[in-house]
Amino acid sequence: MKYVDEFREPRKADALLRAIGELCQQLEKPIKIMEVCGGHTHSIFKYGIEDVLPQAIELIHGPGCPVCVMPKGRLDDAISISQNPNVIFTTFGDAMRVPGSTTSLLQAKAQGADIRMVYSPLDSLQIAKDNTDKEVVFFALGFETTAPSTALTILQAESEKIHNFSMFCNHVLVIPALEALLDNPDLQLDGFIGPGHVSMVIGTEPYQFISQQYQKPIVISGFEPLDIIQSVWMLLQQIVENRCEVENQYNRLVEEAGNSVAIAAMNQVFKVRESFEWRGLDEIPNSAFKMRAEYAEFDAEVKFTIPNLKVADHKACQCGEILKGVLKPWQCKVFGTACTPETPIGTCMVSSEGACSAYYKYGRYSHVAKKMMSEK
């Protein structure tokens with residue numbers, strides 16, 4: 001395949017859906033499949049994939065949205081750094097409207113903080129070069145997908161001796177999060193659609209524990225409609241044949257060993273934290289990166305005093321249960337009413353990868369209608 005239209009061809013989708021329907025007839029019970037990545041969730045709703053799958057298949061939305069899993073306390077820390085008078089705070093756009101305990105980065109900007117949206121950490125590094133009288137801080141977010149670019153930017157800052165630049169590191173790791181989900185007794189899953197972008201970096205080997213220890217199949221998937229539908233078909237084949245393996249649908253980009261250059265850069269700059277708080281999943285051991293001591297001069301947590309407090313979520317917000325896959329967004333009482341993309345209460349409504357955002361943008365009315373019909 002060379003062109004995107006080939007990944008969206010209706011005839012191929014119809015053929016896969018017929019094959020999925022035939023496999024569903026061999027199932028002993030309905031199955032639950034979790035798509036780990038928020039990018040998959042948005043593709044599923046954008047292209048109506050959930051609506052064309054047989055009723056025997058339920059898709060569960062996972063915690064693979066890095067902005068969504070960020071706890072309020074870490075957001076408060078970021079806002080605290082941004083409010084230093086000599087700081088230019090830079091961030092990806094998704095994080096601007098995420099509510100902290102009292103305000104958001106966007107509100108802090110409106111109140112006078114110098115907060116700028118960037119598209120990569122290299123943009124932030126350039127701002128540091130252009131503003132040598134300021135301390136420039138980059139809000140480093142994301143799974144292993146974005147961590148290599150952060151690490152390589154730190155290495156470039158070191159080589160160019162740019163001392164007014166630092167990172168507030170909040171990179172999280174996908175494997176410990178999946179382990180936490182699999183250990184959750186409230187969540188009974190039959191298989192996983194694995195994250196394609198993360199797997200481009202870490203490869204397929206780290207997922208072996210899912211099939212070997214937990215006896216669950218997983219298929220690493222791309223993000224186009226045919227990618228996802230084919231991944232569902234591959235999972236069903238495993239389930240029907242009573243197999244539990246790590247399969248790679250996204251083999252045009254994902255290799256078993258991952259990206260050695262990216263992994264080397266991460267290992268050089270970062271080490272694993274003993275524990276990190278995740279929204280909805282609480283503290284997860286060994287689940288996030290921190291800067292190594294050798295790069296302390298680029299570590300915002302060393303340069304600045306931060307509150308470093310654990311802050312409870314809004315009582316009405318059920319982002320935590322949604323991130324764990326226990327609830328669907330429309331089951332939250334404030335979804336689409338008090339909580340909207342314009343007035344978010346929780347992170348899942350803000351991020352471009354958030355499940356609530358996907359439901360609101362692509363599936364809000366149909367799912368609320370189904371809910372109302374079921375309650376009659």
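This tour visits three helix pairs in a predicted model.

Residue numbers start at 1 along each chain as its sequence is written. Local features need pLDDT of at least 70 and side-chain atom pairs pLDDT 80 or more, totals for chains, interfaces and linings use all residues, and side-chain values use heavy atoms, without hydrogens and water. Helices are DSSP runs (H or I, at least four residues), numbered from the N terminus.

**Stop 1: H11**

Select residues 225–240, helix H11. At 1.5 Å a residue, its 16 residues should span 22 Å (the expected span is 1.5 Å times one less than the number of residues). The end C-alpha atoms of H11 are 23 Å apart, which agrees. Now colour the buried positions (under 20% relative accessible area, 1.4 Å probe, protein chains only). Among them in H11 are Leu 226, Ile 229, Val 232 and Leu 236. Asp 227, Ser 231 and Gln 238 are buried as well. Step just past H11 to Asn 242, which has a positive phi of about 60°.

**Stop 2: H1 against H11**

Add residues 10–24, helix H1. The axes of H1 and H11 (lines fitted to C-alpha atoms over the stretch in contact) lie 10 Å apart. Their angle is about 20° (on a scale from 0 to 180 degrees between N-to-C directions). H1 and H11 are therefore roughly parallel (under 35 degrees). Their crossing is left-handed (near helix turned anticlockwise from the far one by less than a right angle). Show the contact residues (heavy atoms within 4.5 Å). H1 brings residues including Leu 16, Ile 20 and Leu 23; H11 brings residues including Ile 229, Trp 233 and Leu 236. By class, this contact has 13 nonpolar, two polar and one charged residues. Nonpolar covers Ala, Val, Leu, Ile, Met, Phe, Trp, Tyr, Cys and Pro; charged covers Asp, Glu, Lys and Arg; the others, Gly among them, are polar.

**Stop 3: H6 against H7**

Select H6 (residues 121–130) and H7 (residues 147–159). Their axes come within 9 Å and cross at roughly 25°. That makes H6 roughly parallel to H7. The crossing is right-handed (clockwise). Pro 121, Leu 122, Leu 125 and Lys 129 of H6 meet Ser 149, Thr 150, Thr 153, Gln 156 and Ala 157 of H7. The classes here are four nonpolar, four polar and one charged.

**Stop 4: H7 against H12**

Keep H7 and add H12 (residues 260–269). The axes come within 8 Å and cross at roughly 60°. That makes H7 oblique to H12 (neither under 35, over 145, nor 65 to 115 degrees). The crossing is left-handed. In H7, look for residues including Ala 151, Leu 152 and Leu 155; in H12, for residues including Ala 262, Met 266 and Gln 268. This contact has ten nonpolar, one polar and no charged residues.

Methods
Helices (H or I, at least four residues) and strands (E, at least two) are DSSP runs, numbered from the N terminus. Buried means under 20% relative accessible area, exposed over 50%, partly exposed in between (1.4 Å probe, protein chains only).
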